[in-house]
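Let's take a look at charged pairs and cysteines. Have the sequence and the fold open while you read.

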Amino acid sequence: MVKEKPNSIRIYDEEGFRRRAACICVRSEAETEVLLVTSSRRPDNWIVPGGGVEPEEEPSVTAMREVLEEAGVIGKLGRCLGVFENREHKHRTEVYVMTVTQELAEWEDSRLMGRKRQWFSIDDALAQLALHKPIQRHYLQQLKRSKQKPGGADEPGS
């Protein structure tokens, strides 16, 4: 079942790439587990929740809206991991980290299309994404690279 959004307007950047936003949802500040959802087009495939930026909407707001719709989670938005380009599908996705604080028992996509969510270790999530969403693997690789060191925030004298 494909999700239809009749009032959705696609937004493009100056180079003609569709603007998207997504969240790597983590279970805790340790960032050792991430939440993936089943694809609306292929329910056996696991993907990172995300979608198109709406007119007058900040990408960070898009990311939070999409994870609520697709994964049924609410949380604290953290750092931006960057903008990831998919030349094949001609879109650019701004990806954020979100620490999940609440998991809803039911949510929009679970009711409408039976979408599921599941927690994965980083390595298991990388393996799942390698099967069908290789570009989304870059999000997790960047998460690992950008992992904040515990207590390493503001060093005295810096």
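Is Arg 111 buried or exposed? Arg 111 counts as exposed, since its relative accessibility comes to 53%. Keep in mind that this is a predicted model, and the values here are computed from it.

**Charged pairs**

Arg 111 has a partner, too: it makes a salt bridge with Glu 106, with 3.7 Å between the closest N and O atoms. In general, side chains of opposite charge can pair when their charged atoms come close. Across the model, the tally is 14 salt bridges. Here are three of them, side by side.

| Salt bridge | Closest N to O distance |
|---|---|
| Arg 87 with Glu 85 | 3.0 Å |
| Arg 111 with Glu 106 | 3.7 Å |
| Asp 123 with Lys 144 | 3.7 Å |

Now for the Asp 123 and Lys 144 pair, whose side chains meet in a salt bridge. This one ties together distant parts of the chain, with the two positions 21 residues apart: Asp 123 belongs to helix α3 (residues 122-132), while Lys 144 belongs to helix α4 (residues 134-146). How open are the two ends? Asp 123 is exposed at 53% relative accessible area, whereas Lys 144, at 48%, counts as partly exposed. The cut-off for exposed is over 50%, so Lys 144 doesn't get that label.

Back to Arg 87 and Glu 85, whose closest N and O atoms sit 3.0 Å apart. Arg 87 is exposed, with a relative accessible area of 63%, but Glu 85 is partly exposed at 29%. Which residues join them in a network of salt bridges? Asp 13, Glu 15 and Arg 92 do, so to speak, complete the set with Glu 85 and Arg 87.

**Cysteines**

How many disulfides does the structure hold? Zero. Cys 23 takes part in no disulfide, and its nearest cysteine sulfur is that of Cys 25, 5.3 Å away. Seen from the other side, Cys 25 is in no disulfide either, with the sulfur of Cys 23 as its nearest at 5.3 Å. Why don't these two count as a disulfide? Because a disulfide needs the two sulfur atoms within 2.5 Å, and here they are 5.3 Å apart.

Both cysteines can also be placed by accessibility. Cys 23 is buried, at 0% relative accessibility, and Cys 25 is buried as well, with a relative accessible area of 0%. Set that against Arg 87, exposed at 63%, and Asp 123, exposed at 53%.

How values were computed:
Residues are numbered from 1 along each chain as its sequence is written. This is a predicted model: local features need pLDDT of at least 70, side-chain atom pairs count only at pLDDT 80 or more; totals for chains, interfaces and linings use all residues. Side-chain values use heavy atoms; hydrogens and water are left out. A salt bridge is a side-chain nitrogen of Lys or Arg within 4 Å of a carboxyl oxygen of Asp or Glu. Buried means under 20% relative accessible area, exposed over 50%, partly exposed in between (1.4 Å probe, protein chains only). Helices (H or I, at least four residues) and strands (E, at least two) are DSSP runs, numbered from the N terminus.
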